[in-house]
Amino acid sequence: MSVIASLASFVAGAKASALPAAERDRQRLHLTDTVVAALAGAQIPEGKALARLGVDGSLAGRIGRQAAAIRLTEIDDIHLPSCTTPSAGVVPVALALAAHENKFEPETLAGAIWAGTEVAARIGMAVSGPQILYRGIWPSYLAAPVAAAATAARMMGLDATRCGQALSLAFMLMAGGVGRIHGAPSGRWFLYGNAVAAGVAAAEAARADYCGDPEILEKNWLADTHGIAIDRAQLIPLPGPKSIYAALSMKPFCSAKQGIAAVEAFRAILASPVRLDAIAKVRVRVPRAYAGMIAARAEPGTRQSTLVSVAHQIALAALRPEQLYDVDRSAAKPDTDVSQLAAKVEVIADARNWLSVCQDALIDNAGCQRLATAWRDPDGGI
């Protein structure tokens, strides 16, 4: 069975009721979290700007704009092992099609959401999402057409054969690469919304008997066309009622997930307490893969930069903590105190894999020595 055939079989038969109770509870929690993000995103200027683009009136286009309004909030969930944000591009597809198709069975809705969520995360893991992100490839954008097609195909009740055609068409609609987009409203959300809309359209085409190439992933197509290596084994769902829901995480405030740990750590330090005027330097050590991303400085008038810049977020946590929860930020005025504290923050790329170091410490002598040495190192240690 081909990779796409395996994925299609899973999508067509996905039943969330078979998942363990804890994972079904997680799914309900993430559904609620996504709906809240949708309500917030629709009320801010960038979300309203997306809504004004809806001149074509197509169902797929409307769904795509709803997905983008969720994603732009930076309060939607994330699957860190794949570096994808599944629910933003899946939940609006399922809910909109439930209303459009008059399919209000909880089992169908839950199965469609699970199918799309699983597909998004598995694509991200298969292409090493955390690594390719820093080559200018946005994993969530890359996976969006296929995840949306999977969700839509399940909501439409397509059989495994048509699901396979929908998924293959959606794979061929993949883009992924983005430039350094500046200004507001950001073109990132236009691109992401179109990627989701394309996936819904792929499912509509498959329902109308349009055909793709279900064998496309048996070849080196993704490497040849996009320069992305793919681990096909990661795409095939594991047997049994298991999902990636346990690995999905939610954000405590509006932020790129890669910077949240540093902000929370700084908050803990301030609780010591520490006087802000006594701080000369704040060093944030993170993996090399995303050091450059969160080291970016907040740019005046650019909402997205304030969500990504860990220096800006740390300064807000110390001086204007309520602003961490501001989804909009488009009306924020220059703040000298925040800028001065942010200027003291330095992001350092740490080549060490701390997860590996800690796990190896209890396995062999060399691992134990690595952790103990790192612990006592006053400059590069813990």
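Select A206 and show its surroundings. Setting aside neighbours within four places in sequence, A206 is in contact with L158, R162, Q165 and A166. Contact here means heavy atoms within 4.5 Å. A206 lies in helix α10. Helices are DSSP runs of H or I with at least four residues, strands are E runs of at least two, and both are numbered from the N terminus. A206 counts as buried, at 1% relative accessibility. Buried means under 20% relative accessible area, exposed over 50%, and partly exposed in between, with a 1.4 Å probe and protein chains only.

A word on the model before moving on. This is a predicted model, where local features need pLDDT of at least 70, side-chain atom pairs count only at pLDDT 80 or more, and totals for chains, interfaces and linings use all residues. Residues are numbered from 1 along each chain as its sequence is written, and side-chain values use heavy atoms, with hydrogens and water left out.

**Stop 1: α10 and α9**

Now select all of α10, residues 187-207. This helix has 21 residues and reaches 31 Å from its first C-alpha to its last, close to the 30 Å expected at 1.5 Å a residue. The expected span is 1.5 Å times one less than the number of residues.

Add helix α9, residues 160-172. α9 and α10 pack at an angle of about 140°, with their axes 8 Å apart. Axes are lines fitted to C-alpha atoms, for helices over the stretch in contact, and angles run from 0 to 180 degrees between N-to-C directions. The two helices are therefore oblique to each other. Angles under 35 degrees count as roughly parallel, over 145 as roughly antiparallel, 65 to 115 as roughly perpendicular, and the rest as oblique.

α9 passes α10 in a right-handed crossing. That means the near helix is turned clockwise from the far one by less than a right angle; anticlockwise would be left-handed. Show side chains at the contact: R162, Q165, A166, L169 and A170 from α9, with A202, A203, A205, A206 and R207 from α10. They divide into 7 nonpolar, 1 polar and 2 charged. Ala, Val, Leu, Ile, Met, Phe, Trp, Tyr, Cys and Pro count as nonpolar, Asp, Glu, Lys and Arg as charged, and the others, Gly among them, as polar.

**Stop 2: α5 on α10**

Keep α10 and add helix α5, residues 86-101. How far apart are the axes of α5 and α10? They are 11 Å apart, and the helices pack at an angle of about 45°. α5 and α10 are therefore oblique to each other. Their crossing is right-handed. Select A88, G89, V93 and E101 in α5, which meet Y192, V196, V200 and R207 in α10. This contact has 5 nonpolar, 1 polar and 2 charged residues.

Look at α5 by itself. Its 16 residues should span 22 Å at 1.5 Å a residue, and its end C-alpha atoms are 22 Å apart, which agrees. α5 is largely enclosed by the rest of the structure, because 12 of its 16 residues are buried. Among them are P86, S87, V90, V91 and P92.

**Stop 3: backbone oddities**

Most residues other than glycine have a negative phi, and most peptide bonds are trans. Select N102, which follows α5: its phi is positive, near 55°. Next take D209, just after α10, with a positive phi of about 75°. D209 sits in the loop between α10 and α11 (221-226).

Go to E74, in the loop between α4 (59-71) and β1 (78-79). Its phi is also positive, near 60°. Is E74 buried or exposed? At 6% relative accessibility, E74 counts as buried. Beyond residues up to four places away in sequence, E74 touches K251, F253, C254, S255, A256, Q304 and L307.

Then select S272 and P273. The peptide bond between them is cis, with omega near 5°. P273 is in the loop between α13 (260-270) and β3 (282-287).

**Stop 4: two more buried residues**

Select L133, in the loop between α7 (129-132) and α8 (139-156). L133 counts as buried at 18% relative accessibility. Leaving out residues up to four places away in sequence, L133 touches C83, W138, P139, Q258 and M293.

Finish at T306, in helix α15 (residues 303-308). T306 counts as buried at 10% relative accessibility. Apart from neighbours within four places in sequence, T306 is in contact with A298, H312, Q313 and R329.
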